[in-house]
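Visitor: I'd like a close look at one part of this protein, the sheet and whatever hangs around it. Could you take me through it slowly, strand by strand?

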Amino acid sequence: MDYIKLNNGIEMPILGFGVYQISPKDCVKAVSEAIEVGYRSIDTAQAYYNEEEVGKAVKASHIDRDKFFITTKIWVSNAGYDRAKKSVEESLKKLQMDYVDLLLIHQPFGDYYGSYRAMEEIYKAGNAKAIGVSNFYPDRFVDLVEHVEVKPAVNQVETHIFNQQKIAQQIMHEYGTQIESWGPFAEGKNNFFTNETLVSLSHKYNKTTAQIALRFLIQKQVIVIPKSTHKERMIENFNVFAFNISEEDLHSLESLDQEKSLFFSHNDHETVRFILNYKKEHNLF
């Protein structure tokens with residue numbers, strides 16, 4: 001495993017395991033298998049409804065808590081100083097943990113300034129080893145970071161070969177913030193796994209297209225958290241440290257960048273409305 005040193009000095013595995021869209025009934029098994037494979041960084045969120053299952057799997061592993069790197073995120077319906085604080089208390093109870101290693105604001109909407117003030121206090125109290133944000137585009141990212149005391153350690157954003165976030169990553173770097181990828185396989189969009197360049201390099205390096213895609217991001221110092229409910233795929237995704245993609249081939253992959261989302265734009269008003277109403281009918285806590 002390779003590690004990234006965050007801006008407060010703590011080290012985060014560059015490869016982790018994501019649990020987005022893994023149902024609670026499948027999550028304990030999936031995380032337990034990921035731990036067996038060797039994953040120690042687990043990424044969950046309040047809006048995934050599986051924090052409790054992640055906690056159960058970690059506890060059942062009988063591996064010391066300090067060997068893990070656990071991330072969770074505050075959802076929009078829990079935005080604001082008071083609600084954010086209460087929601088993190090509930091998240092810790094569900095996870096059966098005294099602290100998380102990384103606490104993020106999930107979306108740049110609602111009173112995220114209030115949420116961040118609460119997170120700064122949670123960080124200083126030791127209940128989060130690092131704090132940061134998710135889905136913050138450069139405009140909102142800069143506006144937030146210029147008005148906080150504890151600079152975000154991480155910004156988790158859509159990042160893959162078709163949306164490489166080169167400009168955003170440069171801006172994050174200026175503030176000492178580490179980029180983390182969600183959707184490193186773009187959920188298969190844009191014929192991801194049959195892309196001619198990826199397939200060609202998979203033959204050249206005797207690796208799968210998924211391994212080439214992950215290795216590209218890792219060599220670009222992007223933290224990745226691929227998800228799978230199949231153990232053989234977990235193993236495949238984990239085995240990306242025994243080879244290097246050449247500079248020439250990195251450049252060919254860089255040329256695939258379309259510089260736009262394959263999912264949605266946070267600048268689109270309908271997207272904002274959707275996110276604000278997502279699971280609003282029943283508050284997470």
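Guide: Here is a walk through the sheet first, then some helices, rings and odd backbone spots.

Keep in mind that this is a predicted model. The sheet is an open one, built from eight strands in the order β3-β4-β5-β6-β7-β8-β9-β10, and the pairing is parallel. At the edges stand β3 (17-18) and β10 (223-224), each with a single partner strand, so one side of each has no neighbour in the sheet.

Let's zoom in on β6, which covers residues 102-105. Leu102 and Leu104 point one way from this strand, Leu103 and Ile105 point the other way, and all are buried. On one hand, β6 pairs with β5 (residues 69-74) in the parallel sense, over four bridges. In that pairing, Thr72 stands opposite Leu103. On the other hand, β6 pairs with β7, again in the parallel sense, over three bridges. There, the bridge partner of Ile105 is Val133 in β7.

Val133 is a handy stepping stone, as it also has a bridge partner in β8, namely Asn155. Strand β7 spans residues 131-134 and β8 spans residues 154-158; the two run parallel and are joined by two bridges. So much for the bridges; now for the connections.

Helix α3 (residues 81-95) goes with β5 and β6 to make a right-handed β-α-β unit. Helix α4 (residues 112-124) does the like with β6 and β7, and that β-α-β unit is right-handed too.

Back to Thr72 for a moment, since it's a good residue to click on. Thr72 lies in strand β5 and is buried, with a relative accessible area of 1%. Leaving aside residues up to four places away in sequence, Thr72 touches Thr44, Ala45, Gln46, Glu51, Ser91, Val100, Leu102, Leu103 and Leu104. Leu102, Leu103 and Leu104 on that list belong to β6, the strand we just looked at.

Next, the helices. In α7 (residues 196-205), the buried residues are Leu198, Leu201, Ser202 and Tyr205. Seen down the axis of α7, these buried residues fall within an arc of 105°, so they line one face of the helix. The face turned away from that buried side carries Glu196, His203 and Lys204, which are exposed. As for what sits against the buried residues of α7, they pack against α8 (209-219) and α10 (247-254).

Now turn to α10 itself. Asp249, Leu250, Leu253 and Glu254 are buried there. Down the axis of α10 its buried residues fall within an arc of 150°, so here too they line one face of the helix. The cover over the buried residues of α10 includes α6 (166-174), α7 and α8.

If you like aromatics, there are 16 aromatic pairs to browse. One of them is Phe185 with Phe192, an edge-to-face pair at 6.2 Å centre to centre, with 65° between the planes. Both Phe185 and Phe192 are buried. Ring pairs also tie Phe185 and Phe192 together with Phe162 and Phe193 in a cluster.

A ring elsewhere, Tyr99, is one to look at for its charged company. The charged end of Arg65 sits over the Tyr99 ring, 4.1 Å from its centre. Lys129 lies over the face of Tyr99 as well, at 4.6 Å from the ring centre.

Last stop, the backbone. Most residues other than glycine have a negative phi. Ala186 is not a glycine, yet it has a positive phi of about 55°. You'll find Ala186 in the loop between β9 (178-182) and α7. Ala186 is buried, with a relative accessible area of 0%.

Glu259 also has a positive phi of about 55° without being a glycine. Its place is in the loop between α10 and α11 (269-277). Glu259 is exposed, with a relative accessible area of 63%, whereas Ala186 is buried.

Methods. Residues are numbered from 1 along each chain as its sequence is written. This is a predicted model: local features need pLDDT of at least 70, side-chain atom pairs count only at pLDDT 80 or more; totals for chains, interfaces and linings use all residues. Side-chain values use heavy atoms; hydrogens and water are left out. Two strands pair if DSSP finds at least two bridges between them. Buried means under 20% relative accessible area, exposed over 50%, partly exposed in between (1.4 Å probe, protein chains only). A crossover is right-handed if, with the strands pointing away from the viewer, the path from the first strand over the helix to the second runs clockwise. Rings of Phe, Tyr and Trp (its six-membered ring) pair if their centres lie within 6.5 Å; planes under 30 degrees apart count as stacked, over 60 as edge-to-face and the rest as tilted. A charge sits over a ring if NZ of Lys or CZ of Arg is within 6 Å of the ring centre and within 35 degrees of the ring normal. The arc is that of the directions from the helix axis to the C-beta atoms. Contact means heavy atoms within 4.5 Å.
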